[in-house]
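I opened my notebook and pulled up the model. Here is what I looked up, in the order I got to it.

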Amino acid sequence: MKNRTGLAVRTLALILAAASPTAVAAARPTSTPALATIPYGSNAAASGTFVHDGVTLYYETYGKGEPLLLIHGNGGSIGWMAAQIEFFKNHRRVIVMDSRDHGRSSDSVGPLTYEKMSDDLAALLDRLKTGPADVLGWSDGAIEALLLGLRHPDKVRKLVAMAANLNPDAVYPETDKLANNMLAAIPADARKTPEGRREVKVTTILLTEPHIDLALLKNVTAPTLILSGDHDLIRLDHTVAIYEALPNAQLAVFPNSTHVVPYDDAQMFNTTVERFLRTPFKKKDRIADTMASFERLVAGLAK
């Protein structure tokens with residue numbers, strides 16, 4: 001099945017060409033990870049397919065150990081998570097799938113929703129008989145990760161959500177402008193092609209979805225790490241609201257970082273995620289834990 005990314009690349013190029021030189025420079029990665037020798041996203045030796053809800057879904061698995069599900073973002077594919085696969089496969093069973101209407105997975109009938117994509121992921125975990133898995137989602141993948149915690153709590157052990165949003169309005173004005181410009185930049189003749197129809201569908205969801213009630217997050221009981229760049233596309237106050245609504249959550253904001261920090265600084269991102277996943281979760285008490293630390297501090301100085 002063809003991995004259709006050409007139109008997305010051309011559309012983004014049009015947007016960047018129309019932007020100011022400063023905006024173009026800011027869109028470039030600040031550092032480039034070493035290229036992996038494995039063709040993640042087109043590696044037949046690690047791949048499989050299955051059909052769920054009438055859609056043929058393409059996935060790859062790597063490594064051995066506790067299962068870790070990686071979920072890519074809008075318009076992306078397995079290859080977007082190459083730096084995470086490369087890092088975690090050394091000590092985990094890494095599972096990663098092209099979302100419906102993305103990458104090597106087939107197109108679906110009807111509107112694209114995050115609920116459908118999260119149900120696809122639950123079906124993948126069932127197929128692979130993983131039991132509860134740790135889940136790491138980035139951007140749209142982070143929305144799907146939270147929905148897995150809501151819709152399929154038995155599938156999730158720990159959650160990591162990088163740059164999630166619960167509604168289309170939870171972005172900065174310039175983010176909304178970028179998404180609208182990306183949609184408008186798809187040529188009329190291209191919209192008649194299978195690749196163009198796919199591009200319209202996956203871009204439209206940025207402007208129309210999701211619609212998740214913040215109050216529902218109290219039902220996500222899995223320990224959850226909420227992540228953001230301090231220059232993210234998602235409003236920081238919205239990210240903090242997600243963190244505060246979750247009953248068992250931690251929060252980390254990466255300094256001098258954008259929405260693309262999993263690529264731009266994969267080492268910082270991956271080690272932050274790894275520390276959360278390997279450390280037993282303990283919910284802190286604002287006062288009791290602060291005072292306990294002060295007591296240890298004072299006792300140490302008195303020696």
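**Entry 1: the main core**

I started inside. The model is predicted, and I went straight to its largest nonpolar core, which has 40 residues. Leu 69, Leu 124, Val 135, Leu 148 and Ile 242 are the ones that touch the most other members. Next I checked which elements build this core: β2 (55-62), β3 (67-71), β4 (93-97), α4 (114-128), β5 (133-138), α5 (140-151), β6 (156-162) and α7 (194-208) each put in at least two residues. The biggest giver is α4, with 8 residues.

There is also a second, separate core of 27 residues, and it includes Tyr 40, Leu 68, Trp 138 and Phe 276.

I then picked Leu 148 and listed its contacts, skipping neighbours within four places in sequence. I got Leu 69, Ile 71, Ser 118, Leu 121, Ala 122, Val 135, Pro 153 and Val 156.

**Entry 2: helix α4**

Since α4 gives the most to the largest core, I gave this helix its own page. Which of its residues are buried? I noted Tyr 114, Met 117, Ser 118, Asp 120, Leu 121, Ala 122, Ala 123, Leu 124, Leu 125 and Leu 128.

I also did a length check. With 15 residues at 1.5 Å a residue, α4 should span 21 Å, and its end C-alpha atoms are 21 Å apart, so the two agree.

Right after α4 comes Lys 129. Lys 129 has a positive phi of about 50° although it is not a glycine. I flagged that because most residues other than glycine have a negative phi. Lys 129 sits in the loop between α4 and β5, and its relative accessible area of 72% is why I wrote it down as exposed.

**Entry 3: other backbone oddities**

Asp 53 has a positive phi too, near 55°. Its place is the loop between β1 (47-52) and β2. Buried or exposed, I asked myself about Asp 53? Exposed, because its relative accessible area is 53% and the cut-off for exposed is over 50%.

Then I found a cis peptide bond between Glu 209 and Pro 210, with omega about -5°. Most peptide bonds are trans, which is why I underlined it. Pro 210 is in the loop between α7 and β7 (224-229).

**Entry 4: salt bridges**

How many salt bridges does the structure hold? I wrote down 13. A reminder to myself: side chains of opposite charge can pair when their charged atoms come close.

Lys 201 pairs with Asp 101, with the closest N and O atoms 3.5 Å apart. This pair links distant parts of the chain, as Lys 201 is in helix α7 and Asp 101 is in the loop between β4 and α4, 100 residues apart. Lys 201 counts as buried because its relative accessibility is 18%, and Asp 101 counts as buried at 2%.

Asp 119 pairs with Arg 151, and here the closest N and O atoms are 2.9 Å apart. Again distant parts of the chain are linked: Asp 119 is in helix α4 and Arg 151 is in helix α5, 32 residues apart. Arg 151 is partly exposed, at 41% relative accessibility.

A further pair is Asp 289 with Lys 282, at 3.3 Å between the closest N and O atoms. I also drew a network: Glu 66, Arg 92, Asp 134 and Arg 157 are joined by salt bridges that share partners.

**Entry 5: around Gly 73**

Gly 73 is in the loop between β3 and α3 (82-88). It is buried, with a relative accessible area of 4%. Leaving out neighbours within four places in sequence, I found Gly 73 in contact with Trp 80, His 102, Trp 138, Ser 139, Asp 140 and Gly 141. Gly 73 and His 102 are 29 residues apart along the chain, and their C-alpha atoms are separated by 9.7 Å.

**Entry 6: the outside, and totals**

On the surface I found a nonpolar patch made by Ile 287, Met 291, Phe 294, Leu 297, Val 298 and Leu 301, with about 640 Å² of accessible area together. Leu 301 belongs to helix α11 (residues 288-302) and counts as exposed, at 67% relative accessibility.

Totals to finish the page: the chain has 11 helices and 8 strands, and 47% of its 303 residues count as buried. The chain exposes about 14700 Å², with carbon and sulfur atoms supplying 58% of that area.

Definitions and conventions:
Residues numbered from 1 in each chain as written. Predicted model: local features only at pLDDT ≥ 70, side-chain atom pairs only at ≥ 80, totals over all residues. Heavy atoms only, no water. Patch = residues over 30% accessible without salt bridge, like charges linked within 9 Å, V, L, I, M, F, W, Y side chains within 5 Å. Areas by Shrake-Rupley, 256 points an atom, 1.4 Å probe, with all protein chains shown as cover. Salt bridge = Lys/Arg side-chain N within 4 Å of Asp/Glu carboxyl O. Helix = DSSP H or I, 4+ residues; strand = E, 2+ residues; numbered from the N terminus. Buried < 20%, exposed > 50% of the residue type's maximum accessible area, 1.4 Å probe, protein only. Core = buried A, V, L, I, M, F, W, Y, C linked by side-chain atoms within 4.5 Å. Contact = heavy atoms within 4.5 Å. Expected span 1.5 Å × (residues − 1).
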